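Trainee: I should like to request a close look at a single part of this structure. Please begin with one helix and its surroundings, and then place it beside other elements of the chain.

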Amino acid sequence: MAMLKKVWGSVYNWSSSRSNSTYPMSSSSSSVLSSMGAFDPIPTDILIQILRFLEPKDTIKLSLTCKCWKLLVSDNRLWIFFLQNQKEPWESIFFAETTLRSGYPFHQTGELSFMRIYSQREQVPGSVIIDGGSGYCKFGWSKYGAPSGRSATFLEFGNIETPMYSRLRNFFATIYSRMHVKTSAQPVVVSLPLCHYDDTESAKASRRQLKEAIYSVLFDMNVPAVCAINQATLALYAARRTSGIVVNIGFQVTSVVPIFRGKVMRKAGVEVIGLGAMKLTGFLRDLMQQHNINLESLYTVRTLKEELCYVAADYEAELSKDTQASMEVAALCFRVAMGLGQAVALCMEHCQAQELAGDDAWFKTVVLSGGSACLPGLPERLHKELNELLCPSISNGVRIIPPYDADTAWFGAKLIANLSNFPRSWCVTKKQFRRKSKLNLW
């Protein structure tokens, strides 16, 4: 620390003496001042290690003293260190700034200055994130570590017979009211629900209608900029991937969504299983009643599911165990993976048949998403079933990535909202939306 104070004090005094000088500098004086004076003998690596003890703002001040200090302070190694000490994981920051920064479609960016990235990320004011699932909505600030609030989506939307615009306006107005924030204050990142899965013209029209209604409502509420991305893609980003298969166990259904370089491959086929978190909870309640455990509240049953249940690696072997010696609720084994393995295997076979860009491995990364996907044992069980169902040429190299969190899609939105150049590249403004005939929104 004494060495650090000496560095800072010496540079500060040196800088002050230069600024107070009224005499013109000779060429020889200029060459001396272009160095770091007494610190020239110190190796660059050591100086960078010393600078790590400074606050980033103080480090930036050093860059104003002379060209040599500016070059030293702008060293990417120093700013990577500062970024590694942020609340967000460094791996996620690096993925976002190197891959997502350009927006969709992705393209290679030039050499990055992490000093500039750090400075820009500090200046990004933050955005509102609204992740509205079919059962529950998660909302909050992008600068927060997790969603600040939750609500039951189906309650906020109102009666299904109400026009879509009115339901959406009521929904978003409720969220903004609960967050105590003006709609005109910040951009918003909205997750689009996984619906209308087919590649048919009618399904495309339904997706376009929903997305256009969301933009219309938010811009009529004076939101300055909107970024709308489907939940499966956001879950993939949270896993630091742009290609793969997302298995989302939603409130009502489970969807298996192939995504290649950020685009949902509907031609490869989106598989849908009519079994979601709500049915799993109801199934658990039925099993409990068979064991003379009667609970009226589905919320209580859901809590027990999240805290005590697991997916058996070998279902038949699990059934043969003597479960009476332990807590009966904890011993009830889920049949969650039954049918899931077949759906994922079928999706992988369809993806391989597409032969996209000569890449035959993009679909071998499977990302799990949704609260029920957090159940212990699900990744292992799914991997086991895929090895049994698929031929070795497809099953070799398959990787199952557990959910980032129960709120995986929200964290994917957070990556985008905290980008150093956000909202540029990702958002649509009201003016752009009104001219959508010239803008490829869909």
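Mentor: Let us begin with helix α20, in what is a predicted model. The buried residues in α20 are Thr 408, Ala 409, Trp 410, Phe 411, Gly 412, Ala 413, Lys 414, Leu 415, Ile 416 and Ala 417. Since ten of the ten residues of α20 are buried, this helix is largely enclosed by the rest of the structure. Buried here stands for a relative accessible area under 20%, and Lys 414 belongs to that group along with residues such as Trp 410 and Phe 411.

One neighbour of this helix is α12. The axes of α12 (residues 231-238) and α20 (residues 408-417) come within 7 Å of each other and cross at roughly 70°. Because angles of 65 to 115 degrees count as roughly perpendicular, α12 is described as roughly perpendicular to α20. On the α12 side, the contact involves Gln 231, Leu 234, Ala 235, Tyr 237 and Ala 238. Their counterparts in α20 are Thr 408, Ala 409, Phe 411, Gly 412, Ala 413, Leu 415 and Ile 416. By character, the residues of this contact comprise nine nonpolar, three polar and no charged.

A strand offers a second example of burial. Five of the five residues of β4 (residues 188-192) are buried, so this strand too is largely enclosed by the rest of the structure. In a regular strand, side chains alternate between the two faces of the sheet. In β4 both faces are covered: Val 188, Val 190 and Leu 192 are buried on one side, and Val 189 and Ser 191 are buried on the other. Strand β4 also has pairing partners. Strand β1 (residues 128-132) runs parallel to β4 and is joined to it by four bridges; within that pairing, Asp 131 has Ser 191 of β4 as its bridge partner. Strand β5 (residues 225-230) pairs with β4 in the parallel sense as well, over five bridges, and there the partner of Val 190 is Ala 228.

Charged side chains give another view of the chain. Side chains of opposite charge can pair when their charged atoms come close. The whole structure contains 13 salt bridges. In one of them, Arg 77 meets Asp 45, with the closest N and O atoms 2.8 Å apart. This pair links distant parts of the chain, for Arg 77 lies in helix α6 (residues 76-84) and Asp 45 in helix α3 (residues 44-51), 32 residues apart. Both partners are partly exposed: Arg 77 has a relative accessible area of 41%, and Asp 45 has one of 43%. Arg 77 also forms a salt bridge with Asp 75, where the closest N and O atoms are 2.9 Å apart.

A further salt bridge, at 3.6 Å from N to O, joins the side chains of Arg 302 and Glu 306. Because these two residues are four apart in helix α14 (residues 298-308), about one helical turn separates them. Arg 302 is partly exposed, at 23% relative accessible area, and Glu 306 is likewise partly exposed, at 45%. Elsewhere, salt bridges that share partners join Glu 88, Glu 97, Arg 101 and Arg 121 into one network.

Definitions and conventions:
Residues are numbered from 1 along each chain as its sequence is written. This is a predicted model: local features need pLDDT of at least 70, side-chain atom pairs count only at pLDDT 80 or more; totals for chains, interfaces and linings use all residues. Side-chain values use heavy atoms; hydrogens and water are left out. A salt bridge is a side-chain nitrogen of Lys or Arg within 4 Å of a carboxyl oxygen of Asp or Glu. Buried means under 20% relative accessible area, exposed over 50%, partly exposed in between (1.4 Å probe, protein chains only). Axes are lines fitted to C-alpha atoms, for helices over the stretch in contact, and angles run from 0 to 180 degrees between N-to-C directions. Angles under 35 degrees count as roughly parallel, over 145 as roughly antiparallel, 65 to 115 as roughly perpendicular and the rest as oblique. Contact means heavy atoms within 4.5 Å. Ala, Val, Leu, Ile, Met, Phe, Trp, Tyr, Cys and Pro count as nonpolar, Asp, Glu, Lys and Arg as charged, and the others, Gly among them, as polar. Two strands pair if DSSP finds at least two bridges between them.
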